[in-house]
Amino acid sequence: MRRRSFRAMGTEVELLLAAAEGEAATAALDAAEREVRRLERLCSRFDPGSALTELNRTGSLVSAELAALVRTALAAREQTGGLFDPTVHDAVRAAGYDRSFEAVPPDGPGRRAAIPCGGEVTVDRDRVVLAPGVRLDLGGIAKGYAVDRACALLAPAGPCLVNAGGDLAVHGASWPVGLEGGPTLALAEGAVATSGRDRRRWRRSGEERHHLIDPRTGRPADTVLLRVTVVASTAVEAEVLAKAAFLGAPIDCPRVLVTADGRTVLAGGLS
Amino acid sequence: MTSNPARLYAAALAVLLFFVLWAALAARPWAAAASADPRVAALGRREAALRVEAAAVQARLDRQWAAYRAELRRRSAVPATAVQPQVSITALPPVTTTRSS
C-alpha cells in the first residue's frame, strides 16, 4: 500500500494506492498530487494569481477548464433549485470567511449581513461572464472535482482512494472509510462528501457562524443538522448533494445525517 | 518698364515662374532624399525582421494552444468514477476517516 499526504486546497489531502513500490505507482502519485495543486491554483479564491480571482476581479475570463467547472456548478444550482450556488462568494466573505480558514479569527466583531445570492453567470464556450457585482466561490465543488481528477489519474496504477479533508473518492476495491463520530462505510466504487458546520466555524459579535451559506437567506444556514455525509458516483456529485441535503433538500441516495444534539440517522439504503 | 508689352511679358513670365515653382514643390524632391537615409533603411529592415519573428512566435503559440486543447479534451474524456456507488456498513477498521469539508 502506498500512502501520500500533502496539504492543498486548505486541507490535508491523502492518496492511497494499493500497488507495489515501483516507478508506475510513484508516477501516478506524482501526477495526482500535481493535478490537485494545479486545480488549487485554478480555483482558489484566496490566491491572488488564480484564474478564479482574475474572473472575480474583471468579471470576465476565457479559460476552458474554469468554464467547464462553472458550467457544472451552474447545472448543480439548477438541479438543486438554487440550494447549491457558486455565487455565494460575497455572502461567505460577509459572514467572516474572507481569508484562508487558518487565518480567520475565531472570534471578533461583525455585523449580521444578508448578501443576495443567485446572481447571473453566463458561460459562452470558454468564456465566463459575471453580471456586475457577482463573484464566484467554487469552494463547494472544486475540491470534489480535484478528488475525482486525482482518483482518475491514480486508477490505472491500481485500486486507489483520494481523501481531501472529507471529500473522498475510491476506485477498484472495497475501502473501509470511517465517518467522523459515525459508522464505517465499505465503499467499493464512488465517492463520499460531508457538509457540516462543525469544523469551519467562528464567532462574530457573539453569534456562531459557519461557511455553509443558505442562498435563500444569504447567511450561514440555520439548521438542526450538524453535518450530512452523502455517497454518490463522483465527489462533485456527492459535494453538491451533501450541501443540498444539509439545507434540507429531499435527496435520494445513501446518506448519514448527524443532528446538533448528537443523533445519527442512516438513510437512503444504509443500515 | 513703362510700355504695355513689357509689362505683359513680365506678368506672363511671373505666372510661368509661379507654376514652375509649384510643380517643383509638388514633386517633393526632399522626400526622395529622405528615403535614401540609411537610418530609415535600417528601420525598414528591423521592422521586416520583427514581423518574421512575430510570425514565428505566433506559430509557436498556436502549436502550444492546440496541444493544450488536445490535452484538455483527453482529460475530459477520462471518466472519473462514473459508476454507481457500492456502499454498505462494515465493522472493519477504517483506512481513513472523513469529516466535514
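Buried, as the word is used here, means under 20% relative accessible area, while exposed means over 50% and partly exposed lies in between. The structure is a predicted model. By that cut-off A:Arg209 counts as buried, because its relative accessibility is 3%. The partner of A:Arg209 is A:Glu207, and their side chains form a salt bridge with an N to O distance of 3.0 Å. A:Glu207 is partly exposed, at a relative accessible area of 22%. Elsewhere in chain A, salt bridges with shared partners link A:Arg4, A:Asp30, A:Glu33 and A:Arg37 into one network.

Opposite charges explain such pairs in principle: side chains of opposite charge can pair when their charged atoms come close. Over all chains, a search of the whole structure finds 25 salt bridges. One of them joins the side chains of A:Glu35 and A:Arg38 at 3.0 Å, N to O. These two residues are three apart in helix H1 of chain A, residues 23-43, so about one helical turn separates them. A:Glu35 counts as buried, because its relative accessibility is 3%. A further salt bridge pairs A:Glu208 with A:Arg203, and here the N to O distance is 4.0 Å. Both of its members are partly exposed: A:Glu208 has a relative accessible area of 38%, and A:Arg203 has a relative accessibility of 35%.

Helix H5 of chain A covers residues 142-154. What span should its 13 residues have at 1.5 Å a residue, and how far apart are its end C-alpha atoms? The expected span is 18 Å, and the end C-alpha atoms are 18 Å apart, so the two agree. The expected value is 1.5 Å times one less than the number of residues. H5(A) is mostly covered, with 11 of its 13 residues buried. Among the buried residues are the charged-type side chains A:Lys143, A:Asp148 and A:Arg149. The list of buried residues in H5(A) also includes A:Ala142, A:Ala146, A:Val147, A:Cys151 and A:Leu154. A:Gly144 lies in this helix, and A:Gly144 is buried, with a relative accessible area of 0%. Between A:Gly144 and A:Arg71 there are 15 Å in space, C-alpha to C-alpha, and the two are 73 residues apart in sequence.

H5 also takes part in the largest pocket. The volume of that pocket is about 720 Å³. Its lining has 33 residues, and the closest to its centre are A:Tyr97, A:Asp137, A:Leu138, A:Gly139 and A:Gly140. Four elements of chain A, namely H1, H5, strand E9 (184-196) and helix H6 (235-246), each supply at least two residues of the lining. Which of the elements gives the most to the lining of the largest pocket? The answer is E9(A), with three residues.

Two loop residues of chain A stand out in their backbone angles. Most residues other than glycine have a negative phi. In A:Met9, by contrast, phi is near 55 degrees, which is a positive value in a residue other than glycine. A:Met9 sits in the loop between strand E1 (2-8) and strand E2 (11-17) of chain A. Phi of A:Arg125 is also positive, near 55 degrees, and A:Arg125 is likewise a residue other than glycine. The loop that holds A:Arg125 runs between strand E4 (121-124) and strand E5 (127-130) of chain A. Are these residues buried or exposed? A:Met9 counts as buried, because its relative accessibility is 17%, whereas A:Arg125 is exposed, with a relative accessible area of 71%.

Chain B comes last. It contains three helices and two strands, and along the sequence these follow the pattern α-α-α-β-β. Of the 101 residues in chain B, buried residues make up 8%. The area that chain B exposes is about 8200 Å², and carbon and sulfur atoms supply 68% of it. On the surface, B:Leu13, B:Leu16, B:Leu17 and B:Val20 make a nonpolar patch of about 400 Å². B:Val20 belongs to helix H1 of chain B, residues 4-26.

How values were computed:
Residues numbered from 1 in each chain as written. Chains lettered and ligands numbered in written order. Predicted model: local features only at pLDDT ≥ 70, side-chain atom pairs only at ≥ 80, totals over all residues. Heavy atoms only, no water. Buried < 20%, exposed > 50% of the residue type's maximum accessible area, 1.4 Å probe, protein only. Patch = residues over 30% accessible without salt bridge, like charges linked within 9 Å, V, L, I, M, F, W, Y side chains within 5 Å. Areas by Shrake-Rupley, 256 points an atom, 1.4 Å probe, with all protein chains shown as cover. 1 Å grid on protein atoms, 1.4 Å probe; cavity = no way out; pocket = protein on both sides within 12 Å on 5 of 7 lines; lining within 4 Å. Points joined across faces, edges and corners; volume = space filled by probe spheres on them.
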